[in-house]
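This report concerns a protein chain with a bound ligand. The sequence and the three-dimensional structure are shown first.

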Amino acid sequence: MKLDGAVAVVTGAAQNIGRSIALALADAGCRVAAFDLNKELLNDLGSDQISVFQCDAADPDQTAAAITAVMAQFGRIDVLVNAAGWICSAPLYNLLGRPAGRHDLVLWEKALRLNLTTALVMGSCVAEQMIRQRTRGVIINISSVAARGNAGQSAYAAAKAGCNALAMTWAKELGAFGIRALAIAPGFIDTSSTHGAMSEERLKDWVGKTALRRLGTPEQVARTVLFAAENDYLTGTVIELDGGLKL
Ligand SMILES: NC(=O)c1ccc[n+]([C@@H]2O[C@H](COP(=O)([O-])OP(=O)(O)OC[C@H]3O[C@@H](n4cnc5c(N)ncnc54)[C@H](O)[C@@H]3O)[C@@H](O)[C@H]2O)c1
């Protein structure tokens with residue numbers, strides 16, 4: 001796919017990884033629709049090439065309305081990047097937890113909504129437009145190395161494994177229309193969300209387990225998105241961008 005002149009929708013675009021992806025796509029010549037819940041952070045992203053949409057990507061009505069607005073403004077959608085998400089942790093059973101040590105169901109439902117339902121709702125809305133317009137587009141889900149299983153992250157790991165499964169399912173379902181789907185699974189990326197999700201000591205421990213002994217950057221994730229969008233034979237796969245963490 002030629003990115004120059006293409007139209008891209010990016011969720012979770014207000015900050016960190018999603019923001020870097022939106023900026024990199026705009027740099028590559030895309031017109032970008034930047035979606036996020038956070039209106040304040042979105043606003044300073046707006047430019048000639050980037051239009052911002054405050055939207056809860058897990059809400060079917062809000063998403064349908066925002067996609068209709070994108071279609072009215074740009075006339076097509078070539079690329080969807082589902083980067084909206086929420087990094088969260090909870091043990092399956094906390095021996096010291098009182099009164100209930102069992103996994104928090106409120107956290108479970110929020111984790112699935114923000115990390116997985118967002119991808120499903122956006123994917124179905126955007127696939128509809130791609131199919132109707134015969135656009136040979138691409139859908140990229142940002143999952144995580146946690147999809148392979150991460151102690152203390154049942155909900156996040158399950159949601160991200162779901163993002164991988166959706167990408168593979170959509171590759172099979174939409175391939176006949178020339179639409180591609182894949183996932184990018186980053187390891188530990190240097191963002192405020194990563195630093196907020198764990199102590200610096202724990203993070204240092206993870207860096208020590210990474211072959212390259214350093215965190216990745218949001219820009220490196222964004223460059224992987226550009227590569228995946230441009231390569232017309234890439235579909236139904238999970239690109240693991242983790243500095244060798246899983247080795
Ligand atoms: N930071 C990392 O190390 C890392 C590693 C692997 C995967 N990821 C994944 O990459 C993505 C981006 O990570 P990040 O570190 O930039 O996270 P972040 O928390 O900094 O940004 C996520 C953005 O998603 C938005 N969002 C959440 N729910 C939404 C919804 N329902 N509708 C619209 N927007 C919504 C938030 O407002 C926020 O701006 C996430 O899916 C995350 O799980 C991050």
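The text below treats the ligand shell, two helices, the nonpolar core and a few individual residues.

The structure is a predicted model, and its values should be read accordingly.

**The ligand shell**

The ligand is surrounded by 30 residues, of which the closest are Gly-12, Asn-16, Ile-17, Gly-85 and Ile-189. Two or more residues of this shell come from each of helix 1 (16-27), strand 2 (31-36), helix 4 (105-132) and helix 6 (192-197). By residue class, the shell comprises 15 nonpolar, 13 polar and 2 charged residues.

Asn-16, one of the closest residues to the ligand, belongs to helix 1. Its phi is positive, at about 45°, although Asn-16 is not a glycine. Asn-16 counts as partly exposed because 19 other C-beta atoms lie within 10 Å, whereas a residue needs 20 or more to be buried.

**Helix 1**

Helix 1 has 12 residues, which at 1.5 Å a residue should span 16 Å; the end C-alpha atoms are 16 Å apart, in agreement with that expectation. The helix is mostly covered, with 10 of its 12 residues buried. These are Ile-17, Gly-18, Arg-19, Ser-20, Ile-21, Ala-22, Leu-23, Ala-24, Leu-25 and Ala-26. They pack against strand 1 (7-11), strand 2, strand 3 (50-54), strand 4, strand 5 and helix 8. Just after helix 1, Gly-29 has a positive phi of about 105°.

**Helix 8**

What span would be expected for the 13 residues of helix 8 (residues 218-230)? At 1.5 Å a residue the expected value is 18 Å, and the end C-alpha atoms are 19 Å apart, which agrees. The buried residues of helix 8 are Pro-218, Val-221, Ala-222, Thr-224, Val-225, Ala-228 and Ala-229. Viewed down the helix axis, these buried residues fall within an arc of 155°, so they line one face of helix 8. The underlying pattern is a general one: an α-helix has 3.6 residues a turn, so residues three or four places apart point the same way. The cover over the buried residues of helix 8 includes helix 1, strand 4 (79-82), strand 5 (138-142), strand 6 (180-186) and strand 7 (238-241).

Strand 6 contains Ile-184, which counts as buried because it has 27 C-beta neighbours inside 10 Å. Beyond residues up to four places away in sequence, Ile-184 touches Ile-140, Ile-142, Val-221, Thr-224, Val-225, Ala-228, Ile-239 and Leu-241. Among these contacts, Val-221, Thr-224, Val-225 and Ala-228 are buried residues of helix 8.

**The nonpolar core**

In soluble globular proteins, nonpolar side chains tend to be buried together. The largest nonpolar core of this model has 78 residues, and those with the most contacts inside it are Val-10, Ile-21, Ala-22 and Ala-34. Helix 5 (residues 154-174) gives the most to this core, with 11 residues. Ile-21 and Ala-22 also appear among the buried residues of helix 1.

Ala-34 is in contact with Val-10, Ala-13, Ala-22, Leu-42, Leu-45, Ile-50, Ser-51, Val-52 and Phe-53, leaving aside neighbours within four places in sequence.

**Individual residues and separations**

Is Lys-172 buried or exposed? Lys-172 lies in helix 5 and counts as exposed, because it has 11 C-beta neighbours inside 10 Å. Ala-165 is also found in helix 5; with 16 other C-beta atoms within 10 Å, Ala-165 is partly exposed. Ala-65 lies in helix 3 (residues 60-74) and counts as partly exposed, with 14 C-beta neighbours inside 10 Å.

Arg-134 is found in the loop between helix 4 and strand 5. Its phi is near 55°, a positive value in a residue other than glycine. With 11 C-beta neighbours inside 10 Å, Arg-134 counts as exposed.

The table lists C-alpha to C-alpha distances for four residue pairs, with their separation in sequence.

| Pair | Separation in sequence | C-alpha to C-alpha distance |
|---|---|---|
| Ala-165 and Leu-182 | 17 residues | 9.3 Å |
| Ile-184 and Gly-216 | 32 residues | 13 Å |
| Lys-172 and Thr-235 | 63 residues | 8.9 Å |
| Ala-65 and Trp-206 | 141 residues | 41 Å |

How values were computed. Residues numbered from 1 in each chain as written. Predicted model: local features only at pLDDT ≥ 70, side-chain atom pairs only at ≥ 80, totals over all residues. Near = placed C-beta within 6 Å. Helix = DSSP H or I, 4+ residues; strand = E, 2+ residues; numbered from the N terminus. Nonpolar A, V, L, I, M, F, W, Y, C, P; charged D, E, K, R; others polar. Expected span 1.5 Å × (residues − 1). Arc of directions from axis to C-beta. Contact = placed C-beta atoms within 7 Å. Core = buried A, V, L, I, M, F, W, Y, C linked by C-beta atoms within 7 Å.
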